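The following exchange examines a structure through questions and reasoned answers. Please consult the sequence and the coordinates alongside each turn.

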Amino acid sequence: MRKVQCRNVPTLQSLIRLAVLVIALLPCCPPTVRGEETYTFDQAEIEKKPWHLGGYAEIRPVINVLDKDAALYQLQYYKDDPGSTITEYNGRFQLDGSYEKGMGRVYIKTSTDYSYSSESGGNGQTVIYEGYATLKPSDSWKLEAGKKNLKWGKGYAWNPVNFLDRIKDPYDPELSLEGYVMATVDYIRSFEGPVRTLAITPVLFPVNDHINDDVGEDSHLNVAVKLYLLFYDTDLDLIYAGGGTRTPRYGMDFSRNLSTNFEVHGELASIQRFRKQEMDTDGTLGSETHDTLSGLLGVRHLTTFDLTTILEYYHNGTGYSANEMTNYFNFIHSGYQSYQSTGSDRQLVFAQNLTKGSYSRPSPMEDYLYLKLSQKEPLDILYFTPSVTVMINLNDQSHSITPELLYTGITNMELRLRAAFIRGARDTEYGEKQNDYRFEIRAGYFF
Amino acid sequence: MKGETMKMKCMSSLLLILILASPIFALDGTVLLKQVDRNLNPESYEMYRKLINVEPDGSKKEFTLFSLKKGSDKIAALFIAPASENGRSTLRLGDNMWLYIPNVGKPVRITSLQSVVGGVFNNADILNLDYAVEYNVSGVEDAGNEYLLHLKAKTRSVAYDQLRMWVDKDKKLPTKIDCLTEANMLIKTIYFKEHKDFGGGIVRPAVIETDSPLYKGYKSIMIYAKIKKRSFKDEVFTLTFMPNIDSLR
């Protein structure tokens with residue numbers, strides 16, 4: 001049992017109390033001005049303009065309760081002593097705009113993020129998340145070029161077939177991400193019969209020193225293609241990606257409603273000649289190349305009392321086994337001991353570089369289970385959704401439990417209170433994370 | 001001769017009774033239901049709707065949608081307001097339903113009983129097909145100025161197992177619909193109000209109000225605008241097209 005010392009306990013408790021109070025009082029606050037029962041529908045509300053400008057602003061204070069014995073704590077804070085808690089203040093400002101004329105349209109989305117923490121001070125950056133031009137000569141054809149996301153796959157928490165996007169965070173799967181530069185074509189056909197829809201999406205994906213430079217090492221023009229079918233009421237995708245900077249990848253996914261309240265989905269992804277970097281027991285870094293197979297199977301169920309369950313099993317064919325992760329954690333622990341006894345951080349700097357790669361990606365191990373239970377509008381409180389998410393690493397039985405309260409009753413505003421309880425023994429994925437607990441409030445406003 | 005006259009009188013009276021009774025006995029519920037469907041909407045159309053959820057304390061939340069429908073089983077809707085919902089779209093192809101959220105970036109399957117807007121209206125109410133497509137008429141009653149149609153869902157995938165629909169005899173338009181479960185439990189009541197001429201021969205209720213014993217004190221209102229006939233290609237009603245529905249406005 002690990003001990004957690006909370007030096008900033010008054011701050012933590014105050015924040016939690018404030019958050020609980022805010023969420024508890026929200027349903028009591030009328031979201032809009034009360035009025036007579038007169039309903040108007042002004043024509044100006046539906047008039048379409050050629051341009052659009054909108055955005056999203058968010059503040060998100062976070063308290064991290066740290067685990068000083070964890071490998072990732074030692075790796076990150078070996079030079080400093082941040083204490084038992086770190087408070088972060090995060091801000092996000094996103095702008096999106098578009099202009100449409102005839103069959104053409106241009107779209108851009110930027111994201112400015114600023115973060116201040118008691119440990120590392122403040123830092124911020126602005127990134128163009130998406131920026132592309134669209135040409136739509138007919139309802140069957142669409143051509144796009146620029147920076148964009150593809151979002152392939154049917155899984156909620158993971159998408160092993162999403163070969164050409166950044167990996168999403170399974171704890172925040174709906175968060176918008178930075179795209180890659182590419183050119184795509186969509187061609188759609190509809191039919192009567194077992195195949196109701198056919199859509200084909202070829203993709204050109206360039207990689208060089210200036211474009212998409214974090215995807216592979218050489219300069220190449222990669223290609224990918226997705227074939228979508230609505231076949232006997234089942235969504236079916238067949239995917240291929242390859243072309244030079246990465247080895248060939250094949251994928252398929254499906255989704256189907258088995259009844260009005262029960263959906264099943266899955267993904268299968270094969271990567272040929274995948275090169276996996278791994279550390280052996282004595283800390284030597286090596287790599288091996290092999291074909292991998294990843295898969296996901298999930299269900300979504302809705303009860304008569306509006307409880308939604310999302311359950312997914314994910315096998316990551318490119319992931320690390322429990323032994324391989326233990327070697328990595330042992331390397332960090334021995335590096336930390338070496339730093340304490342000799343003052344040399346050579347081993348820890350080496351481990352930090354490794355951590356920036358495959359060891360630090362979301363869900364780095366082989367088998368995971370994801371469960372999310374969300375109850376819509378309990379006790380007749382409109383727009384209020386409490387939920388709990390459980391993520392279990394099946395290889396080492398470590399896990400995280402994330403309860404959440406979400407309120408969307410104020411027009412264009414989203415308020416979320418979330419806590420994360422991160423549990424696991426030594427040498428396990430969640431047990432070696434730098435946090436034991438995490439508490440955050442997110443207030444977002446759309447405009 | 002007297003007997004002949006009596007026989008003729010009896011025959012005439014019987015014929016008169018049959019003629020007077022014929023509107024009820026000869027009424028074909030299925031034909032009436034199809035008339036109701038056509039009077040509510042053209043078979044293929046576009047329209048705008050505003051949904052207002054009203055809470056017991058009078059506070060409201062509004063959503064504005066652009067909707068399009070083709071044939072008996074293809075319908076799509078795009079949220080254009082408020083800003084938090086802008087760009088979301090829903091698609092229904094028969095019993096298949098999907099929701100597209102711009103941030104999520106891909107369509108996910110949803111069910112007819114869920115509600116993408118919260119409140120009393122669910123997805124089946126927002127993406128409603130013709131009643132005759134989903135229901136059989138199990139009975140017709142004469143209820144004064146109205147007919148009362150008893151409707152039974154054709155399959156278990158329909159959101160409500162039974163409907164009781166009151167139809168204005170003259171206008172052949174619904175005035176009220178009770179939505180019930182298989183066990184006859186009332187889920188919600190839909191009221192059709194404020195008849196309006198939308199042009200192009202479309203005269204129908206412009207306001208639909210819903211309340212539910214399951215949500216005591218809450219109600220949802222749907223206001224219609226700019227309903228007009230329009231034909232679309234089938235390709236518009238596909239997952240791949242969902243992010244582009246706004247291009248049809």
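**Architecture, core and local geometry**

Q: How many helices and strands are there in chain B?
A: The model is predicted, and its secondary structure is read from the predicted coordinates. In chain B, 42% of the 249 residues count as buried. Contacts between residues 24 or more positions apart make up 44% of those in chain B with a separation of 6 or more. The secondary structure of chain B comprises four helices and 13 strands.

Q: Which residues have the most contacts inside the largest nonpolar core, and which strand gives the most to this core?
A: The largest nonpolar core has 62 residues, and Leu65(B) and Leu149(B) have the most contacts inside it. Leu149(B) touches, among others farther than four places away in sequence, Leu32(B), Val137(B) and Met165(B). The element that gives the most to this core, with six residues, is strand 3 (residues 74–81) of chain B.

Q: How many residues are in the second, separate core?
A: This core includes Ala71(A), Leu75(A), Ile332(A) and Leu348(A). Its total is 19 residues.

Q: Why do the buried residues of helix 2 of chain B line one face of the helix?
A: The buried residues of helix 2 are Gly29(B), Leu33(B), Val36(B) and Leu40(B). Seen down the axis of helix 2 of chain B, these buried residues line one face because they fall within an arc of 55°.

Q: What should the 12 residues of helix 2 of chain B span, and how far apart are its end C-alpha atoms?
A: Helix 2 covers residues 29–40 of chain B, and at 1.5 Å a residue it should span 16 Å. The expected span agrees with the model, because the end C-alpha atoms are also separated by 16 Å.

Q: How many residues of chain B are in contact with chain A?
A: Strand 1 (45–54), strand 2 (60–70), strand 3 and strand 13 (219–229) of chain B each supply at least two residues of the side that touches chain A. The residues of that side of chain B divide into 18 nonpolar, 19 polar and 13 charged. Those in contact with 46 residues of chain A number 50.

Q: Is Asp168(B) buried, partly exposed or exposed?
A: Asp168(B) is found in strand 9 of chain B and touches Asn145(B), Glu146(B), Leu173(B) and Thr175(B), leaving aside residues up to four places away in sequence. A residue needs 20 or more other C-beta atoms within 10 Å to be buried, and 12 or fewer to be exposed. Asp168(B) has 17 C-beta neighbours inside 10 Å, so it counts as partly exposed.

Q: Which residues does the cis peptide bond with omega about 0° join?
A: Most peptide bonds are trans. Here the second partner lies in the loop between strand 3 and strand 4 (89–93) of chain B. The cis peptide bond joins Ala81(B) and Pro82(B).

Q: What is phi of Lys226(B)?
A: Most residues other than glycine have a negative phi. Lys226(B) is in strand 13 of chain B and is partly exposed, with 15 other C-beta atoms within 10 Å. Although Lys226(B) is a residue other than glycine, its phi is positive, near 50°.

Q: Where does Glu377(A) lie?
A: Glu377(A) is not a glycine, yet its phi is positive, about 50°. With 19 other C-beta atoms within 10 Å, Glu377(A) is partly exposed. Its place in chain A is the loop between strand 14 (367–375) and strand 15 (384–393).

Note on methods:
Residues numbered from 1 in each chain as written. Chains lettered and ligands numbered in written order. Predicted model: local features only at pLDDT ≥ 70, side-chain atom pairs only at ≥ 80, totals over all residues. Core = buried A, V, L, I, M, F, W, Y, C linked by C-beta atoms within 7 Å. Contact = placed C-beta atoms within 7 Å. Expected span 1.5 Å × (residues − 1). Arc of directions from axis to C-beta. Nonpolar A, V, L, I, M, F, W, Y, C, P; charged D, E, K, R; others polar.
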